[in-house]
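Visitor: I am new to reading structures, and I would like to go through this one step by step. Could you show it to me before I begin asking?

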Amino acid sequence: MMNRSSLSWLRVWSMGVLTTILISAIAPAAHAQSTVGTITQLTGAANIQRAGATIAAAPNMPVMLHDRISTEPNGSLTIGLVDNSSLQLGSASTLVIDESVMVNGVGAPSKVGLVQGDLHSLIVGAMKGSSTTFEVNTPNAVGAVRGTDFQTHTDNNGRQGYPDCFQFTDLSVNDGTVQFCNTATPPECKDITAGNHSTIACGGFAGAGGAGAGGLGAVGATVLGVGLAAGAGVGIAAGAGAFGGGSSGPNSPKK
């Protein structure tokens, strides 16, 4: 028969074994929940800031919640998501994975921040629904989608017609609908449908009398092309002119 000391030791040992088993079971699940995609294609150089460290991006590398992904001027990459959805980050661009959700048991981004540059978002399959399931935030705009294919560009360069504004977000919708909003309180929003584009200049929509860039009046929509890099299919070529119709781009000199 075991004495009291032996029984106490056995209880402690049993608890330790049980704790180890629970940690081993929970850790993979936690890792799976924080993974939101995979780098499926990479051109040139890109880096990921994760948990205070900077690592070089590589094909087949998992993308995690709260990753900050930056491409070099010669770089672009594609992040593969659940059900063949994807995010294509253009050259000299920075993207932050802000929030995530579980889609059919798989982690997926629900809100990303485009700090600068170009992003082509292709949202299909389970991520595509009648309600908003995915957002692209820029410093002065929010694009909330209900299942779509769209391109976003943001920069803080001057443009003709906006002498006092240095923050622009351009949106072009290829398929579906994007609810495009400024960051005012309350925000002003417009539904941008397939084949259309829009620009938010500082605090208002371009071309909106009195609303754009601190009340500059109607100055016409400034449009920037952010088409896919020719033949690459893995990123967005800044200034490619895919929108066609605007007279100035992100590097246009201010008046």
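Visitor: In the hairpin of β2 and β3, which residue takes a positive phi?

Guide: This is a predicted model, so what follows describes computed values. Strand β2 covers residues 46-50 and strand β3 covers residues 53-56, and the two pair in the antiparallel sense over four bridges. Two residues lie between these strands in the hairpin, and the one that takes a positive phi, near 55°, is Ala51.

Visitor: Which residue of β3 does Ile48 stand opposite?

Guide: Ile48 belongs to the pairing just described, in which β2, residues 46-50, runs antiparallel to β3, residues 53-56. Within that pairing, the residue of β3 that stands opposite Ile48 is Ile55.

Visitor: Is Arg68 buried, partly exposed or exposed?

Guide: Arg68 lies in strand β5, which covers residues 68-71, and leaving aside its neighbours within four places in sequence, Arg68 is in contact with several residues, including Ile48, Thr94 and Val115. A residue is called buried under 20% relative accessible area and exposed over 50%. Because the relative accessibility of Arg68 is 32%, Arg68 counts as partly exposed.

Visitor: What distance separates the C-alpha atoms of Arg68 and Arg50?

Guide: Along the chain, Arg68 and Arg50 are 18 residues apart. In space, the separation between their C-alpha atoms is 6.8 Å.

Visitor: Why is strand β10 described as largely enclosed by the rest of the structure?

Guide: Strand β10, residues 134-138, pairs with strand β9, residues 106-122, in the parallel sense over three bridges, and with strand β11, residues 141-155, in the antiparallel sense over five bridges. The description itself rests on burial, because β10 is called largely enclosed on the grounds that, of its five residues, the number buried is four.

Visitor: Which residue of β11 does Glu135 stand opposite?

Guide: Glu135 is a residue of β10, and Lys111 stands opposite Glu135. A hairpin through two residues joins β10 to β11, and in β11 the residue opposite Glu135 is Ala144.

Visitor: With which residue does the side chain of Asp170 make a polar contact of 2.7 Å?

Guide: Asp170 has its place in strand β12, which covers residues 168-182. Its relative accessible area is 1%, and therefore Asp170 counts as buried. The polar contact of 2.7 Å joins the side chain of Asp170 to that of Arg159.

Key: Residues are numbered from 1 along each chain as its sequence is written. This is a predicted model: local features need pLDDT of at least 70, side-chain atom pairs count only at pLDDT 80 or more; totals for chains, interfaces and linings use all residues. Side-chain values use heavy atoms; hydrogens and water are left out. Buried means under 20% relative accessible area, exposed over 50%, partly exposed in between (1.4 Å probe, protein chains only). A polar contact is a pair of N or O atoms within 3.5 Å; within protein, one must be able to donate a hydrogen and the other to accept it, and residues adjacent in sequence count only if both atoms are side-chain atoms. Contact means heavy atoms within 4.5 Å. Two strands pair if DSSP finds at least two bridges between them.
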